[in-house]
Amino acid sequence: MKRILFIVFYFFAISPVFSQVPIPRILSERERATVIDEILEDRMTNLLPQLMRKEGVDMWVLISREYNEDPVMKTMLPAVWLSARRRTMMVFFDKGAKEGVERLAIARYDVGNLLKGEWDLNTNPDQWDALVKVIREKNPKKIGLNFSKYYAHADGLTYTEQKELMEKLPAEFQGRIVSASNLAVNWLETRTEREMIIYQQICRISHDIIQEAFSDKVIQPGITTTDDVVWWMRQRVTDLGLDTWFHPTVDIQRFDPENFDHLRTFSKRPQKQVIMPGDLLHCDFGITYLRLNTDQQQHAYILKPAETDIPEYLKKAFKQGNQLQNNLTDNFKAGLTGNEILAKALEQSKKDGLRGTIYTHPIGNHGHAAGPTIGMWDNQGKTIGSGDYPLNFNTAYSIELNVSVDLAEWKKPIRIMLEEDGFFDEKGFRYIDGRQTEIIPIPRILTHAK
């Protein structure tokens, strides 16, 4: 008996799939605000100058009105600013390597400790005149504005704001206006060293919630429905004081006459199915914490009464999903576009005999974030625009894909649908908090000892 207990304890201790480590401590709102502002100060001081010089933009102007904020501006507001104030104008001017980037707000007050207020109503009662005054004084070579054909994240300048700016801006400066699309994408996609330390904890919290959801603490076969699990996940996120950027999903593949339609995962999913022994469960889940997002998909299997392990045919199918992940991330090379990476990964997968579909996206300040698109679930060819954007160092991705596998035992194909958050830098690609390499059994397998 002691030997069996030792095996059980050892199994839980060493297995990443069955880890029972408590969720990391969630920071209080006050602590979160401190961390957010510290990270933002670091990014503006150390990262922003590099990005502006890389793109050759010496002045970046962001303009938004309250409750209709530019997506980039939202990431630049202090923690206690939940929205812009009236009309908020931010001006970043690169004064060179020695003096750095000057940060100004064309406002009557400072934007927290991040931007200095620069609007004297006595000399310039009109806010637009105050902005033009700054532009004249700084005399920039290029004025970057947030308009973009391919990235909504970088297209935050509204028609009205652009129209009023051009009516006020002198003709000599209008020819210096350029799209700040690449600069905006660079700002959104690049992660700092401190952010990545924190990101690992955020991904772990998300993984731990999935582990808890895919357990007999939540699921009672024959009673619990997929919708029950979905709402348990939503409630768990709320109870932890976190947010989510999309409604989670849980779906089932099982031994029945119905072929799995991949479109079900996106728009035709049955709202509620009772979970039964022998079901292969799949979830799509993510959280938002400290202005960063996760996006993860994992699988679990409901053991039948006579089963002590997951069927071997499902284990083999799952390994194909991991191989498709490898074929994708092995082709992560700086400078390659999303379209080029996709083509190489699909070519390798075809050689390996995998029927894979890849639809990987950047992740960070947004769930479906700015950066290179690597395939779409409904388009495995070139994605014009965002697919032509290159892979850069210090960027994060949700490695999202599926592989179709024929199961003779079920007399139909199934799909292994996986998604894990990863990071790419000069050292190569790594998963931020590891990846699922084994299907989660429900109930948990305690020991194989006889």
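Two strands count as paired if DSSP finds at least two bridges between them. The exercises below use this rule on a predicted model.

**Exercise 1. Describe how strand E15 is placed among its neighbours E14 and E16.**

Solution.

Step 1. Locate the strands. E14 covers residues 395-407, E15 covers residues 412-425, and E16 covers residues 428-431.

Step 2. Apply the pairing rule to E14 and E15. They are joined by 13 bridges in the antiparallel sense. One of the bridges links glutamate 400 to glutamate 419 in E15.

Step 3. Look at the turn between E14 and E15. This hairpin has four residues between the strands, and lysine 411 takes a positive phi near 60°.

Step 4. Apply the rule to E15 and E16. Four bridges join them, and they too run antiparallel. Glycine 422 has tyrosine 431 in E16 as its bridge partner. The hairpin of E15 and E16 has two residues between the strands.

Step 5. Check the cover of E15. Twelve of its 14 residues are buried, so the strand is mostly covered; buried here means under 20% relative accessible area.

**Exercise 2. Decide whether tryptophan 60 is buried or exposed, and find what its side chain contacts.**

Solution.

Step 1. Place the residue. Tryptophan 60 belongs to strand E1, residues 59-65.

Step 2. Compare its accessible area with the cut-off. The relative accessible area of tryptophan 60 is 0%, and therefore the residue is buried, as the limit is under 20%.

Step 3. Find the contact. The side chains of tryptophan 60 and asparagine 146 make a polar contact at 2.9 Å.

Step 4. Set this against the chain. Tryptophan 60 and asparagine 146 are 86 residues apart along the chain, while their C-alpha atoms are separated by 8.6 Å.

**Exercise 3. Name the residues with the most contacts inside the largest nonpolar core, and the element with the largest share of this core.**

Solution.

Step 1. Start with the residues. The largest nonpolar core has 43 residues, and Tyr199, Phe214, Ile219 and Leu281 have the most contacts inside it.

Step 2. List the elements. Those that supply at least two residues each include helices H2, H8 (193-213) and H9 (226-239), together with strands E7 (249-253) and E8 (280-285).

Step 3. Pick out the largest share. Helix H8 supplies it, with nine residues.

Step 4. Add the general background. In soluble globular proteins, nonpolar side chains tend to be buried together.

**Exercise 4. Describe the largest pocket and the two cavities by volume and lining.**

Solution.

Step 1. Take the largest pocket. It holds about 620 Å³ of space. Of its 22 lining residues, Ile36, Asp243, Thr288, Leu290 and Arg291 are the closest to its centre. Helix H2 (29-55) is one of the elements that give two or more residues to this lining, and with four residues H2 has the largest share.

Step 2. Sort the pocket lining by class. There are eleven nonpolar, six polar and five charged residues.

Step 3. Turn to the cavities. The whole structure has two of 30 Å³ or more. The largest cavity has about 140 Å³ of space, and its lining includes Ile36, Leu290 and Arg291. H2 gives the most to this lining too, with four residues. By class, the lining has six nonpolar, two polar and three charged residues.

Step 4. Finish with the second largest cavity, which has about 30 Å³ of space. Val61, Leu131 and Ile143 are among its lining residues. Helix H4 (127-138) and strand E5 (143-145) each give two or more residues to the lining. The lining has eight nonpolar, no polar and no charged residues.

Note on methods
Residues are numbered from 1 along each chain as its sequence is written. This is a predicted model: local features need pLDDT of at least 70, side-chain atom pairs count only at pLDDT 80 or more; totals for chains, interfaces and linings use all residues. Side-chain values use heavy atoms; hydrogens and water are left out. Buried means under 20% relative accessible area, exposed over 50%, partly exposed in between (1.4 Å probe, protein chains only). A polar contact is a pair of N or O atoms within 3.5 Å; within protein, one must be able to donate a hydrogen and the other to accept it, and residues adjacent in sequence count only if both atoms are side-chain atoms. On a 1 Å grid over the protein atoms alone, a cavity is a set of points where a 1.4 Å probe fits but cannot get out, and a pocket is an open set with protein on both sides within 12 Å along at least five of seven lines; lining residues have an atom within 4 Å of a point. Grid points are joined across faces, edges and corners, and a volume is the space filled by probe spheres set on the points. Ala, Val, Leu, Ile, Met, Phe, Trp, Tyr, Cys and Pro count as nonpolar, Asp, Glu, Lys and Arg as charged, and the others, Gly among them, as polar. A nonpolar core is a set of buried Ala, Val, Leu, Ile, Met, Phe, Trp, Tyr and Cys residues joined through side-chain atoms within 4.5 Å.
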